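Hi,

Here is the structure I promised to pass on to you. Have a look at it first, and then read on for what turned up when I went through it.

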Amino acid sequence: MAQSVLLTGAAGRVGDAILGGLADDYEWRLLDREPPTDDQPGEFVVADITDAEAVREAMDGIDVVIHLAGDPRPEAPWNSVLTNNIDGTQTVFEAAVDAGVEAVVFASSNHAVGNYETDERTPEMYREDDDYLLDGTELPRPSNLYGVSKAAGETLGRYYHDEHDLSVACVRIGNLTQGHPPIDYERGQAMWLSYRDCAHLFDRCIRADYDYEIVYGISDNDRKYYSIARARAALGYDPQDNSAYYDGEEQVVEPDA
Ligand SMILES: NC(=O)C1=CN([C@@H]2O[C@H](COP(=O)(O)OP(=O)(O)OC[C@H]3O[C@@H](n4cnc5c(N)ncnc54)[C@H](O)[C@@H]3O)[C@@H](O)[C@H]2O)C=CC1
Ligand SMILES: O=C1O[C@H](COP(=O)(O)O)[C@@H](O)[C@H](O)[C@H]1O
């Protein structure tokens, strides 16, 4: 089983959710271009993911890489996603192969497929009486240049798996918010990912055996237009949270024990 995990983009929100649930479960090496602001588990490397030498060094002795670092803004300009998301991701995959890492888990995004949300389908597809469902086998259909960069990351992962036998899981993360689902935002509620489910999903990505996977990273929301069947089957994902259990910030239904 994987013992040592390199987490890139560790100082961000997704990193916070993962470490909040899994800080004590692995030997962590954290990497970010921003230094840590509070106590973190393990060792912290301050580096840019486009620095091939620093990234390769950070991979020494690592079993699994969770690659989060990048520009997360849906409106990010091309020069930023080209550098941080595409070039940076290629640097991470290349270093992982060179270092003999077993698996790379790549933080992809709902925006890689955002343009399936056509004018004809929305807002109905965000609602419970609609059954439109994406399952991860569909081609990318990005809604912005940020989404293009995430589709490129998935394709880089496919290449590094096929050519170098690296295990790769691409998680098309929905909308991560802490404490409760987004308020007054149907789309965000349908693709809500709670902090608890986020940590659990990435834990499954560290522990499971797989070749190349694209899965959706959302909670078990009553209304969802992203299937979590593949995440359940390939990774053993068993989410506990559901945006329908909330009324605004209040949780009004307890999940089954
Ligand atoms: N938060 C969300 O709901 C979603 C996040 N994602 C993806 O998950 C990943 C993490 O997102 P968040 O934690 O929300 O973003 P964030 O902005 O909170 O964290 C990203 C971290 O990456 C670091 N970083 C950025 N470029 C870097 C570089 N070139 N070298 C080293 N470090 C760099 C930043 O300093 C930051 O700490 C991103 O790749 C994002 O695209 C995908 C879908 C939804
Ligand atoms: O990929 C991402 O998606 C989430 C959700 O998208 P949004 O369009 O509903 O805001 C976004 O919040 C996050 O910043 C981004 O990285």
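**The second pocket**

In the second largest pocket, 17 residues form the lining, and Glu186, Gln189, Ala190, Ser243 and Ala244 are the ones nearest its centre. Before I go further, please keep in mind that this is a predicted model. The volume of the second largest pocket comes to about 270 Å³. Two elements, helix 5 (186-190) and strand 10 (246-247), each give at least two residues to this lining. Which of them gives the largest share? That is helix 5, with three residues. Sorted by class, the lining of the second largest pocket has seven nonpolar, four polar and six charged residues.

**The largest pocket**

Now to the largest pocket, which holds about 840 Å³ of space. Its lining is made up of 35 residues, and those nearest the centre of the largest pocket are Arg13, Leu68, Gly70, Asp71 and Pro72. If you want to trace the lining along the chain, start with helix 1 (13-22) and strand 2 (27-32), then go on to strand 5 (103-109), helix 4 (145-164) and strand 7 (175-176); each of these supplies at least two residues. The lining of the largest pocket divides into 16 nonpolar, eleven polar and eight charged residues.

What takes up this space? Ligand 1 sits in the largest pocket, and ligand 2 sits in the largest pocket as well. I will take them in turn.

**Ligand 1**

Around ligand 1 there are 25 residues, with Arg13, Asp32, Leu68, Tyr146 and Lys150 the closest. Arg13 and Leu68 are already familiar from the centre of the largest pocket. Three polar contacts of ligand 1 are worth pulling up on your screen:

- Gly12 places a backbone N or O atom 3.4 Å from an oxygen atom of ligand 1.
- Asp48 has a polar side-chain atom 3.0 Å from a nitrogen atom of ligand 1.
- Ile49 has a polar backbone atom 3.0 Å from a nitrogen atom of ligand 1.

How much of ligand 1 does the protein cover? On its own, ligand 1 has 830 Å² of accessible area, and the protein covers 90% of that.

Several elements take part in the shell around ligand 1: helix 1, strand 5, helix 4 and strand 7 each bring at least two residues to it. The largest share belongs to strand 5, which contributes three residues to this shell. By class, the shell around ligand 1 consists of eleven nonpolar, eight polar and six charged residues.

**Ligand 2**

The residues surrounding ligand 2 are Arg13, Pro72, Ser109, Asn110, His111, Tyr146, Gly174, Asn175, Tyr185 and Arg187. You will recognise Arg13 and Tyr146 from the list of residues closest to ligand 1. In the shell around ligand 2, three residues are nonpolar, five are polar and two are charged.

Here, too, there are three contacts to look at, each with an oxygen atom of ligand 2:

- Tyr185 has a side-chain N or O atom 2.4 Å from an oxygen atom of ligand 2.
- Ser109 has a side-chain N or O atom 2.6 Å from an oxygen atom of ligand 2.
- Arg13 has a polar side-chain atom 3.5 Å from an oxygen atom of ligand 2.

Taken alone, ligand 2 exposes 380 Å², of which the protein buries 76%.

**Two backbone details**

Finally, there are two spots in the backbone that I would like you to see. Where is the cis peptide bond? Thr122 and Pro123 are joined by it, with an omega of about 5°. Pro123 belongs to the loop between strand 5 and helix 4. The other spot is Asp165, which has a positive phi of about 65° even though it is not a glycine. Asp165 lies in the loop that connects helix 4 and strand 6 (167-173).

That is everything I have for now. Happy viewing, and do write back once you have had a look around.

Best wishes

Conventions. Residues numbered from 1 in each chain as written. Chains lettered and ligands numbered in written order. Predicted model: local features only at pLDDT ≥ 70, side-chain atom pairs only at ≥ 80, totals over all residues. Heavy atoms only, no water. Near = heavy atom within 4 Å. Polar contact = N/O pair within 3.5 Å; in protein donor to acceptor, adjacent residues only side chain to side chain. Areas by Shrake-Rupley, 256 points an atom, 1.4 Å probe, with all protein chains shown as cover. 1 Å grid on protein atoms, 1.4 Å probe; cavity = no way out; pocket = protein on both sides within 12 Å on 5 of 7 lines; lining within 4 Å. Sits in = over half its atoms within 2 Å of the grid points. Nonpolar A, V, L, I, M, F, W, Y, C, P; charged D, E, K, R; others polar. Points joined across faces, edges and corners; volume = space filled by probe spheres on them. Helix = DSSP H or I, 4+ residues; strand = E, 2+ residues; numbered from the N terminus.
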